Structure formats: C-alpha cells, structure tokens
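This report describes a protein chain through its core, domains, pockets and selected local features. The sequence and the structure are shown first.

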Amino acid sequence: MTSVKDGCSPQGQCGCCTVLVDGKPRVACVTPLRRVAGRSVTTVDGLPAGRRDALVDAFVAHGASQCGFCTPGILCRLAAHEDGADVVAVEASLLAHLCRCTGWRTVVDAGVAALDPSRSPAAPGPGSPAPTAVVDGAERRAAMEGGVAQQVGADVVLGRGGFSADTAPRGALVAVPDGAGDWAVAATLQAARALVGKVQGRRSGQRVHPPIEVPAGEWALTLATSWVEPGYLEPDASWCEPGGEPSSPLANGGAFGAKSDSPAPAAARMLADRHGATVLAVLSREDVVRLGAKRPPVAAGVRADGTGVLRVARTPGIAEAVASAGPGLVVQEVDVIGPPTSAQVRAAGWAEAAVLLAGLRAMRDGPPPAGRATATVSAPAGGTAEATVTVNPEGLATAVEVTVFAGAALDEVVLRSYVTGAAHMALGWVTTEGLAVDDDGVPEDLTIRSWGILRARDTPPVAVHLAQAPAGAPAVAVSDATFAAVAAATWIALGLPPAWPTSRGAPR
Ligand code: FES
Ligand code: FES
C-alpha cells in the first residue's frame, strides 16, 4: 500500500503514515499490529469515493499539494472529520502532520472547502482561485518554482508522485546506511534496519547556536545564522538494477535543491552491481539529518555602503552565490565542524546577502520601527517579490502579504501555492528553524519536530498578489525571491536582531 508514506518512522511525528483504524485517524508507524487485530484499517485508497473525491478536488483546486508526500495522510485525517469543520478545527487536525512545501494555508483552505456541506465538493470557497485547468501550464510553473520536473493533479494528491521507495520493483533488496560509512543490505527494510541495530533518536528542543563568529569591524549591521535542516518530508531513496541507471531521489520535488547531492543513487547503483540484484537504497529520517545537506551557517558584518565581510561554512559554490546578490561582500569560507552543507539548498548564500542589503536599506532613515516592514528582493536569476510582514510582541509573524512579478502566471493556483510555501519557509528560517549540533559536529536534533518548522496553527495568513505582466512577458520563477523578501521583511519587522533563529522555543 504505497499511499501510506514513511516520512519519519518510528518517530510518529510527521503524519505521513496516517490511516483510519475503525474510522479514527492513527499514525501507523507507532501503532503495533496487535492493536489493530480484528479491526478495520483504511488507507486513502479505501476512503468512500465521494469523500475522497471531494478532498482530492479541493486539494487540486487550492494548490494544496506539491510533492504530495504528506498529502495522503492528511486526506485520511480530514476524511474522519464531521462535515462543517471550520478553520480552527482543521488547523487542530493538522497538528499531527507536517508539510514542507505548501505553507499550510492552502491545505487549511482546501480542508474547510471539502468539509463544507453547503458547497459543491469541488468548488473552492469565495475568493479562492479557480481549479487548475491547464495541467501543462501548472506543471511548467511547478517545475520552474520547484527546480525539478513535477506532476500536478489528482494523482499527486493521492500520493502517486513516483517516489523511489514506492516504484522499486517487488523483491528488490533494501539498503540502509550502517552508520559507519557503508550500507547494510537485506531482503526487507525491517531486516536491513535490524542489521544496523539502530534506534532512532528522539531528542529535540536543544538550543541552536550560530557556530561562526561575526568578523571584527565597525559594522552597521550584523547577522549570524546556524545550520538549517531543509526538512523535506520524503527521505532520500533510489533504486537501481544491475548495470542500470538509478532512479531519481528528486521524485516529485519537495526538497528545494537539498537532494541534489543525495548519496542514495550512487549507493543503489554500486550495491546493485555488487549484489547482482535490484537494490533500493533508502534513508531513514535520522539518516537524512546526519547525512543530508544543510543550509550553511553564516556570520556577517556590513557597512552602510553595502560592503563588508560574510563568513560562511566552507561549501562548494557558496562564494559565487553570495557574490551574485552582494558584490560588495568579501566572502571568507571557514571550516566548521558539522553536518554537510550545500549551496544547492534554496537560495543559499545569495538570500543571506540580499537580506543584509535589505536590512541596510531599511536603516537608511534611522532604525526602522519594529512590528511591520516591507522588503523587495530580486533573485539573481530573475524574479522579484515584495513582501510585507507584521509581527507580534512575541516575535512571531501574524500577517504576510507578497506581491510577485512572475511574468506569465501559467497557472495561478500553482503559482500562489509555491509563493505561500516559500513565505512559510522564510518565516521559519528567521524565527524558529535551526539545527542543534554538538561540539563534535553531530546533529542533536534527530527528529522532524525538533527543527522548528512552523505548524499550520502558527502560520499566519499569506496574501499573494500577482503583479500584472505585460502581454507576452515570459514566465519567471519567484519562489526564491519570495523566500528572501519574506525573510528580509520579517527580520526588519523584528528590529534586525543579530542572530537567527530569533524565537527558538516559541510554540510549534
Ligand atoms: S512516518 Fe509515521 S508519523 Fe512519520
Ligand atoms: S506537499 Fe506536503 S511535504 Fe510536499
């Protein structure tokens, strides 16, 4: 049953494996088999057709599923709701789930629309976007924003996005990292994990310390950040036949560049050749934390004229990325003991430079008033976003408004979905997200709940405006510009505090 996803088992924290047991939502990965003896277990495939179709239609109409890895579990939980659930009830249900792509608001809107008995199930609510009509445009826009080819539509919502762990041939051997730089191979995932004898970590809530010192100097503005776990929901997986090409771990997107250097394809190919059999190499949640690429930490000081020094964990390509947005910054790459980093992670390096320069612009007329701020960022590759963020005295965002200059929209639903997701990720980056790393450079936050990803309930409304494009204007990606603009506006609204995350430990 491949619609039931393994995002974090056996941590029970992501909700991707949610099924209904006698009609009640249960997280399958922490439900012992003996507890379901004699009871009925329903996956998204077995939901009553009317209920399932209403949910699927609403999710498509609202752009509430991008990679689709989290979605079948969410559908199961929502299907168990009484009709007429309001925003508060839907948000409460989503506490048991995580979604990295969508920024939650579209999911909440879709859930409320699908559970509203007064509406035609497929109809979006007042002011909601029209259902996706042109799949080609939708997929073009999704690929542009997500950076990889992506399917859009009902199949994605139902969890059929082509994930490697689902598409591996029956009978493939399974390989898992053994913790010593090699892989343990067995006939099943359970057997492979048993060989390694690993108990997944459950620590969380450690303090996050920016690991690099801000360079000495007379600075108008400084900023220090920590490692950030990209937090994608589908753990890396790839399968390969002997002598064949490994399947892509990018599947249906959702990793925002962070799987570009995944170890899974090379391992699957090497092990398939070694064993003369098809091998599925698959990481667990804890493996992803230890082995997956992180956003590199930085520590920077800038002068009022935009010159300064940005120190960053040594990472191939990061100096060029910083220079593309902050040509006045001297980049110093430093060796920091810690998890692997990558310049492929969403807007790494240039977003930090853009945020610093936006902070300087906001200071031109003296310290900006805290509470609400606007910032505009153009991505080096094109695409511009203007973001306005309002924060409360607790330091958390309460409203976000984004205007994007995306050229031809191609598909408004998909475009709004990606912009909302990028805004959500930016809010988390500034305020709550970070990865605690011990003195030996080993990540301490081994569970998916410990990275500070904002929950649906903590994510403010995100209003997305599409700037009118001249006729014939080409489509251009705007998610990364949105990410940087929302981060900058949030930082300015908070009063430009010198270290991120600014509110670790806030409700989540
Ligand atoms: S896989 Fe079961 S909750 Fe994440
Ligand atoms: S759509 Fe939710 S994690 Fe990708």
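Which residues of the largest nonpolar core touch the most other members?

## Nonpolar cores

In this predicted model, the residues of the largest nonpolar core that touch the most other members are Phe 59, Trp 350 and Val 486, within a set of 110 residues. Helix α14 supplies the largest share of this core, with 11 residues. The core also reaches across domain bounds: domain 1 (18-161) and domain 3 (298-493) each contribute at least three residues.

The surroundings of Val 486 can be listed in detail. When residues up to four places away in sequence are not counted, Val 486 touches Ala 387, Val 389, Val 400, Val 402, Ala 423, Ala 426 and Leu 427. Another core lies apart from the largest one and holds 15 residues, including Ala 258, Ala 267, Ala 272 and Val 345.

## Domain arrangement

The chain is divided into three parts: domain 1 (18-161), domain 2 (167-199 + 236-282) and domain 3 (298-493). Domain 2 is thus written as two segments, 167-199 and 236-282.

Between the C-alpha centres of domain 1 and domain 3 the separation is 28 Å. Contacts join these two domains, with 36 residues of domain 1 meeting 31 residues of domain 3. Domain 1 and domain 3 are also the pair named above as each giving at least three residues to the largest nonpolar core.

## The largest pocket

The largest pocket has a volume of about 1,100 Å³. Its lining comprises 34 residues, and those nearest the pocket centre are Asp 6, Ala 165, Leu 189, Gln 190 and Leu 280. By class, this lining contains 21 nonpolar, six polar and seven charged residues.

Which elements each supply at least two residues of this lining? They are α7 (164-167), β4 (173-177), α8 (189-196) and β8 (279-282). Helix α8 gives the most, with three residues. In terms of domains, at least three lining residues come from domain 1 (18-161) and at least three from domain 2 (167-199 + 236-282).

## The second largest pocket

The second largest pocket encloses about 580 Å³ of space. It is lined by 34 residues, with Gly 147, Gln 344, Arg 346, Ala 347 and Asp 480 nearest its centre. Two or more lining residues come from each of α5 (135-146) and α14 (479-493). Helix α14 therefore appears both here and in the largest nonpolar core, where its share is the largest.

The lining of the second largest pocket divides into 20 nonpolar, 10 polar and four charged residues.

## Backbone features

Two cis peptide bonds precede proline residues in the model. One runs from Ser 9 to Pro 10, with omega near 5 degrees, and Pro 10 belongs to the segment before β1 (18-21). The other runs from Trp 500 to Pro 501, with omega near -5 degrees, and Pro 501 is located in the segment after α14.

Positive phi values occur at residues other than glycine. Phe 256 has phi near 50 degrees and sits in the loop between β7 (237-240) and α9 (264-275). Leu 410, which is not a glycine either, has a phi of about 70 degrees and is placed in the loop between β14 (397-405) and α13 (412-431).

Are these residues buried or exposed? Phe 256 counts as buried because its relative accessibility is 12%, under the 20% limit. Leu 410 is partly exposed because its relative accessible area is 26%, which falls between the limits of 20% and 50%.

## Individual residues

Thr 106 is part of helix α4 (residues 105-115). With a relative accessible area of 9%, Thr 106 is buried. Its contacts, neighbours within four places in sequence left aside, are with His 62, Gly 63, Ala 64 and Ser 417.

Asp 305 occupies the loop between β9 (298-302) and β10 (308-313). Its relative accessibility is 58%, so Asp 305 counts as exposed. Asp 305 and Arg 361 are separated by 56 residues in sequence, while the C-alpha to C-alpha distance between them is 9.6 Å.

How values were computed. Residues numbered from 1 in each chain as written. Chains lettered and ligands numbered in written order. Predicted model: local features only at pLDDT ≥ 70, side-chain atom pairs only at ≥ 80, totals over all residues. Heavy atoms only, no water. 1 Å grid on protein atoms, 1.4 Å probe; cavity = no way out; pocket = protein on both sides within 12 Å on 5 of 7 lines; lining within 4 Å. Points joined across faces, edges and corners; volume = space filled by probe spheres on them. Helix = DSSP H or I, 4+ residues; strand = E, 2+ residues; numbered from the N terminus. Nonpolar A, V, L, I, M, F, W, Y, C, P; charged D, E, K, R; others polar. Domains from an automatic or database assignment. Core = buried A, V, L, I, M, F, W, Y, C linked by side-chain atoms within 4.5 Å. Buried < 20%, exposed > 50% of the residue type's maximum accessible area, 1.4 Å probe, protein only. Contact = heavy atoms within 4.5 Å.
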